[in-house]
Amino acid sequence: RDPPGRQAEKSETACEDRSNAESLDRLLPPVGTGHSPRKRTTSQCKSEPPLLRTSKRTIYTAGRPPWYNEHGTQSKEAFAIGLGGGSASGKTTVARMIIEALDVPWVVLLSMDSFYKVLTEQQQEQAAHNNFNFDHPDAFDFDLIISTLKKLKQGKSVKVPIYDFTTHSRKKDWKTLYGANVIIFEGIMAFADKTLLELLDMKIFVDTDSDIRLVRRLRRDISERGRDIEGVIKQYNKFVKPSFDQYIQPTMRLADIVVPRGSGNTVAIDLIVQHVHSQLEERELSVRAALASAHQCHPLPRTLSVLKSTPQVRGMHTIIRDKETSRDEFIFYSKRLMRLLIEHALSFLPFQDCIVRTPQGQDYAGKCYAGKQITGVSILRAGETMEPALRAVCKDVRIGTILIQTNQLTGEPELHYLRLPKDISDDHVILMDCTVSTGAAAMMAVRVLLDHDVPEDKIFLLSLLMAEMGVHSVAYAFPRVRIITTAVDKRVNDLFRIIPGIGNFGDRYFGTDAVPDGSDEEEVAYTG
């Protein structure tokens with residue numbers, strides 16, 4: 001440990017650096033957002049002793065939309081946008097503004113910063129004294145970048161390293177990405193490799209004044225990466241500025257679009273968004289195309305099973321759909337429906353003939369469950385309300401949970417919590433979510449299960465209420481997943497709420513306040 005005098009000195013230096021960073025903020029022009037951010041809901045979960053818990057953060061795109069083919073693979077290559085420019089030019093901010101304006105839920109933001117090469121001990125020592133050039137093409141692992149981008153464009157899953165700028169090293173954990181409709185790849189050397197350029201469908205160069213870039217870099221490195229102002233300036237003059245002049249600025253001529261003033265140029269960003277939308281429509285990858293496809297009058301899939309609408313079932317639906325129903329009654333009748341739903345779902349499990357001896361000494365030809373184990377997996381938070389009903393009818397059932405939320409800054413859905421029993425790949429899995437509107441949350445959860453080697457035909461998706469759009473989306477992407485519900489409603493409105501629907505199940509069940517934009521919390525922290 002540092003002696004007291006040294007600790008005080010370090011504390012004083014840190015305070016000075018924070019003060020310097022705050023002073024730098026005043027030198028920067030205001031960032032024009034151009035678009036008000038979409039409001040997103042959040043989910044809460046209880047901390048329980050995990051049977052198996054991921055230590056890494058895994059990122060998934062918003063499931064597989066309806067334009068995947070019958071084999072569950074992407075029918076069109078994703079549209080890849082490259083964002084180049086100098087260090088601290090505002091590339092990431094521009095990328096986020098594009099994502100926000102696109103309003104497409106299936107977007108992956110891939111940063112070149114994740115692909116710095118692993119440093120040797122000698123290079124680590126140089127980096128610690130600001131004597132290593134991180135702004136040189138040789139600092140990046142282009143082979144890994146290219147292979148990763150190729151797989152993402154094909155809709156395949158990839159593992160992306162997580163880079164720690166404070167230690168100049170890769171962390172042990174990696175994050176998992178799945179391909180999307182739009183991939184935004186940003187980095188200072190985004191256009192520095194010929195093979196990489198060929199993978200980019202659109203190339204944008206963010207051109208920002210050098211003084212602004214320096215101020216931004218000072219602020220970022222001091223406040224976020226624990227650097228001191230003298231070291232940042234030394235590194236800038238020795239490596240950053242010369243590398244920009246030699247390697248980065250010349251690539252501006254390769255760009256399809258140059259954005260002067262970076263994120264402050266909302267006009268340029270609007271034009272980019274319009275162009276991307278037109279490209280997506282040509283490739284039939286736009287949200288509008290998806291919604292149109294989902295709303296066509298297709299017959300409901302054979303993998304769907306709807307609980308028979310008896311007067312009793314319809315009576316319970318009448319009660320829980322009524323906005324005047326008290327919370328106590330809502331919970332009571334929801335639980336009754338859950339019990340009926342799970343009992344119905346169990347009839348689809350495999351059974352085999354078996355003979356038992358009765359107390360009267362007679363043989364009885366019956367049926368026995370032919371599987372190894374039944375596991376329930378709830379999509380937090382509303383899905384966990386179905387767990388007691390499952391436990392009531394399945395003795396010794398194992399329970400897992402999944403929590404997925406959208407990153408407010410990047411717009412990327414992220415797997416925040418995963419607790420799955422060991423050896424789940426051998427089980428029949430009952431995946432529980434109380435409402436399914438677009439199917440995005442359910443599809444993400446299915447992909448998590450597939451990622452843990454659960455066979456698709458052993459997954460049973462259970463929901464109290466589904467929209468036709470969600471049914472088609474899930475069935476089209478995962479044709480062997482069994483979908484079981486108590487009712488299917490026809491429509492989804494512009495806020496992706498089921499019409500006539502049931503409202504926000506989680507808020508009504510737990511007695512929490514409704515979210516401002518009215519989006520279904522069950523769609524796991526984002527709409528789409």
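Here is a short walk through two spots in this structure: a group of aromatic rings and one helix. Keep in mind that the model is predicted.

Let's begin with the rings. Counting aromatic pairs across the model gives 10. One of them joins Tyr116 and Phe134, whose ring centres sit 5.5 Å apart with 90° between the planes, an edge-to-face arrangement. Look at where the two partners come from: Tyr116 is in the loop that runs between strand E3 (107-111) and helix H3 (121-128), while Phe134 is in the loop between H3 and helix H4 (142-153), so their pairing ties together parts that are 18 residues apart in sequence. Tyr116 and Phe134 are both buried.

Phe134 has another partner, too. With Phe132 it makes an edge-to-face pair, at 4.8 Å centre to centre and 70° between the planes. Phe132 is buried, and so is Phe134. Now zoom out a little: ring pairs connect Tyr116, Phe132, Phe134, Phe140, Phe142 and Tyr163 into a cluster.

Next, hop along the chain to helix H13, which covers residues 440-451. You can do a quick check on this one. At 1.5 Å a residue, its 12 residues should span 16 Å, and the C-alpha atoms at its ends are indeed 16 Å apart, so expectation and model agree.

Is H13 mostly enclosed or open to the outside? Of its 12 residues, 10 are buried, so the rest of the structure largely encloses this helix. Among those buried residues are Ala440, Met443, Met444, Val446, Leu449 and even Arg447. Just past the end of H13, you'll meet Asp453, which takes a positive phi of about 70°.

Key:
Residues numbered from 1 in each chain as written. Predicted model: local features only at pLDDT ≥ 70, side-chain atom pairs only at ≥ 80, totals over all residues. Heavy atoms only, no water. Phe/Tyr/Trp six-rings, centres within 6.5 Å; stacked < 30°, edge-to-face > 60°. Helix = DSSP H or I, 4+ residues; strand = E, 2+ residues; numbered from the N terminus. Buried < 20%, exposed > 50% of the residue type's maximum accessible area, 1.4 Å probe, protein only. Expected span 1.5 Å × (residues − 1).
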